[in-house]
Amino acid sequence: MGKVGAFMEAMMTGMINNIFFIIFPIILYQMFATAGQRNFFVSHRMTMTILFSISIILCMVFPYQFFTEDYIFDLRQVPMIVGALYGGPIVSAVLFVVSAVGRIAIGGNGMYIAILNQLIVAVGVPFLAPLYSKINRWWKAVLVFSISIASLLFNMLAGYFIFGNPIHNLIGIWLMLMLNQGGIIILTALLIEHLQKQEYLYNSLMRHEKLETVSHFAAAVSHELRNPLQSVKGFVQLLQVYEYPRAKQLEFQQTILEEIKVAEDLIDDYLIYAKPAYGEMKQLEVESELSHVIKIMSPYANARNVELSVQNGSSLSLILGDSQKFRQALVNIIRNGVEAMPDGGKLEIELEASSSSICVHIRDEGVGMTKEQVNRLGEPYFSNKSKGTGLGLMVTYSIVNQMDGEISVQSELGKGTRFTLEFPKLTK
C-alpha cells in the first residue's frame with residue numbers, strides 16, 4: 001500500500017509539473033507583454049514560439065509514469081497542437097523540429113512512432129487553424145480535445161500494429177491518457193481564449209476612450225469658438241449695413257481683431273495638447289522664468305485685488321525644458337488661482353530645491369475643490385469655471401509631462417488649492 005501511494009504521489013507530481021510547464025509561459029507572456037499588444041503568436045510570434053518550445057522540452061525531460069512503471073507519458077502534444085492552431089504552419093514546423101530533436105535525444109522503442117505522430121500533427125493541424133479562428137470558444141474546446149484524442153489513438157494503434165501491444169490490456173490506461181491530455185488541452189485553449197478576450201476588451205476600451213476624448217475636444221473647441229466667431233460675424237454685418245464714422249469703424253475692427261486673437265489662442269491650446277510642439281529643450285533657470293511670469297501676471301492679479309507673494313529658493317535651480325511652454329504652464333495655474341478668488345486674496349508661489357528635484361508650489365485662498373474635482377483635473381472638457389473648457393489645465397499637464405515633471409494637487413473647499421510642480425534637477 002505504501003508503494004502504491006508513493007507511485008501515485010510521483011505520478012501526480014510529474015503531471016502537475018507538466019501542466020506547470022504548459023501554463024507558465026502563457027502567464028509569463030501575459031504579465032510582461034505590453035498591454036494592448038498581447039495577441040498570441042501575432043504580436044510576438046517569435047517570443048511565443050520560443051516559450052512553447054521550452055514547454056515541449058521541459059515536458060519531455062520531466063515525463064511521468066501513468067498507472068504502470070512500464071508506461072512513461074508527457075504532455076508535449078498540448079503546446080504542439082495549441083501552437084499549430086494559433087501560430088500556423090511556420091510555428092508548427094518550428095515546434096515539430098524541437099520536439100523531434102528532443103525525442104531523438106531521448107531514444108527508445110517508440111521513437112519513430114512518436115516522431116511520425118508529431119509530424120502528422122505539425123502538418124495537419126495548421127489546416128484547421130482558419131476553422132478554429134472562426135468558431136466560438138466552446139467549439140474550440142471540442143476541436144482541440146478531438147485533435148488530442150486522434151493523436152493518442154494514432155499512438156495506440158501504431159503500437160498495436162508495429163509492436164503488437166495488446167490494446168485490450170491497455171485500453172484503461174489509454175482512456176485515462178485521453179482524458180488527462182484532453183482535459184489539459186481544453187483548459188489551455190480556454191485560458192488563451194480568456195486572455196485574448198480580456199485583451200480585446202482592453203483594446204475596445206482604449207478605442208472608446210480615445211473617441212470620447214476626441215468628442216469632448218470637439219465639443220469644447222466648438223463651444224468656445226462659437227462666441228468669438230459670433231462676435232466677429234455681428235460686427236462684420238454691422239459694417240456691411242451701416243455707414244459708420246471712421247473712428248467707429250476702427251473701433252469695430254479692433255474688436256474683431258481681439259476676438260480673432262481669442263480664437264487663435266484657443267486653437268493653439270488645443271493643438272498643444274493634441275500634439276505638443278516644443279522648441280529646443282535647454283537648461284532653464286527656474287527663478288528667472290518665475291520672475292518673468294510674475295511680471296506678466298502682476299497686473300492681472302492687481303486688477304482682481306489678488307496679492308502675489310513669491311519665495312525663492314537659495315540655490316541655483318536648473319531644469320530641462322522649453323522656456324515658452326514652461327511659462328505658459330505657470331501662467332495657466334496662476335490665472336486659475338487668481339480667478340478662484342473672486343473677492344481677492346493672496347496667492348503664494350514658493351520655489352523649493354532639493355538634491356534631485358525642483359518644486360514650484362502655487363497656493364491660493366480660493367473656493368477650493370472636492371477630491372472628485374481634483375482627480376478630474378486635466379481631463380478634456382472639465383472645468384470648475386462656468387465658461388471654462390478645461391483646455392488650459394490639459395495643456396499644463398501635457399507640458400509638465402513632456403518635461404518629465406509631475407503635478408500634484410491638494411485642495412479643500414472654502415480654503416483654497418495648492419499646486420506642486422516637480423521637475424528633475426539639472427546640475428552644471
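This is a short tour of a predicted model, stop by stop, with something to select at each one.

**Stop 1: Met 48**

Start by selecting residues 45-61, which form helix α2, and pick out Met 48 within that helix. Is Met 48 buried or exposed? Its relative accessibility is 0%, so Met 48 counts as buried. Now show what surrounds it. Apart from neighbours within four places in sequence, Met 48 is in contact with Tyr 29, Phe 40 and Phe 41. Try a distance label on one of these pairs: Met 48 and Tyr 29 sit 19 residues apart in sequence, and their C-alpha atoms are 7.6 Å apart in space.

**Stop 2: helix α5 and its partner α3**

Next, select residues 111-124, helix α5. You can check its length yourself. With 14 residues at 1.5 Å a residue, α5 should span 20 Å, and the C-alpha atoms at its ends are indeed 20 Å apart, so the two figures agree. Colour the buried residues of α5: they are Met 111, Ile 113, Ala 114, Ile 115, Asn 117, Gln 118, Val 121 and Ala 122. While you look along the helix, keep one thing in mind: an α-helix has 3.6 residues a turn, so residues three or four places apart point the same way.

Add helix α3, residues 77-87, to the view. How do the two helices lie? Their axes come within 9 Å and cross at roughly 20°. An angle under 35 degrees counts as roughly parallel, and α3 and α5 are therefore roughly parallel to each other. The crossing is right-handed. For the contact itself, show Gln 77, Met 80 and Ile 81 from α3, which meet Asn 117, Gln 118 and Val 121 from α5. The residues in this contact divide into three nonpolar, three polar and no charged.

**Stop 3: helices α10 and α11**

Jump along the chain to α10 (286-303) and bring in helix α11, residues 323-339. Here the axes come within 10 Å and cross at roughly 40°, and the two helices are therefore oblique to each other. As at the previous stop, look at the handedness: α10 passes α11 in a right-handed crossing. Turn on side chains to see who meets whom. From α10, the residues include Val 286, Leu 290, Val 293 and Met 297, and from α11 they include Phe 326, Leu 330, Ile 334 and Val 338. The residues of this contact divide into twelve nonpolar, two polar and four charged.

**Stop 4: Ile 319**

Select strand β5, residues 318-321, and find Ile 319 there. With 0% relative accessibility, Ile 319 counts as buried. Which residues does Ile 319 touch? Leaving out residues up to four places away in sequence, its contacts include Lys 282, Val 286, Phe 326, Ile 358, Met 403 and Leu 426. Label the pair Ile 319 and Leu 426: they are 107 residues apart in sequence, yet 5.2 Å apart from C-alpha to C-alpha.

**Stop 5: two loop residues**

Finish with a pair of backbone oddities. Most residues other than glycine have a negative phi. Asn 305, however, has a positive phi near 60°. Look for Asn 305 in the loop between α10 and β4 (306-311); at 56% relative accessibility, it counts as exposed. Then go to Asp 404, where phi is also positive, at about 60°. Asp 404 lies in the loop between α13 (391-402) and β8 (406-412), and is exposed, with a relative accessible area of 62%.

How values were computed
Residues numbered from 1 in each chain as written. Predicted model: local features only at pLDDT ≥ 70, side-chain atom pairs only at ≥ 80, totals over all residues. Heavy atoms only, no water. Helix = DSSP H or I, 4+ residues; strand = E, 2+ residues; numbered from the N terminus. Buried < 20%, exposed > 50% of the residue type's maximum accessible area, 1.4 Å probe, protein only. Contact = heavy atoms within 4.5 Å. Expected span 1.5 Å × (residues − 1). Axes fitted to C-alpha atoms, helices over the stretch in contact; angles between N-to-C directions. Parallel < 35°, antiparallel > 145°, perpendicular 65-115°, else oblique. Left-handed = near helix turned anticlockwise from the far one by under 90°. Nonpolar A, V, L, I, M, F, W, Y, C, P; charged D, E, K, R; others polar.
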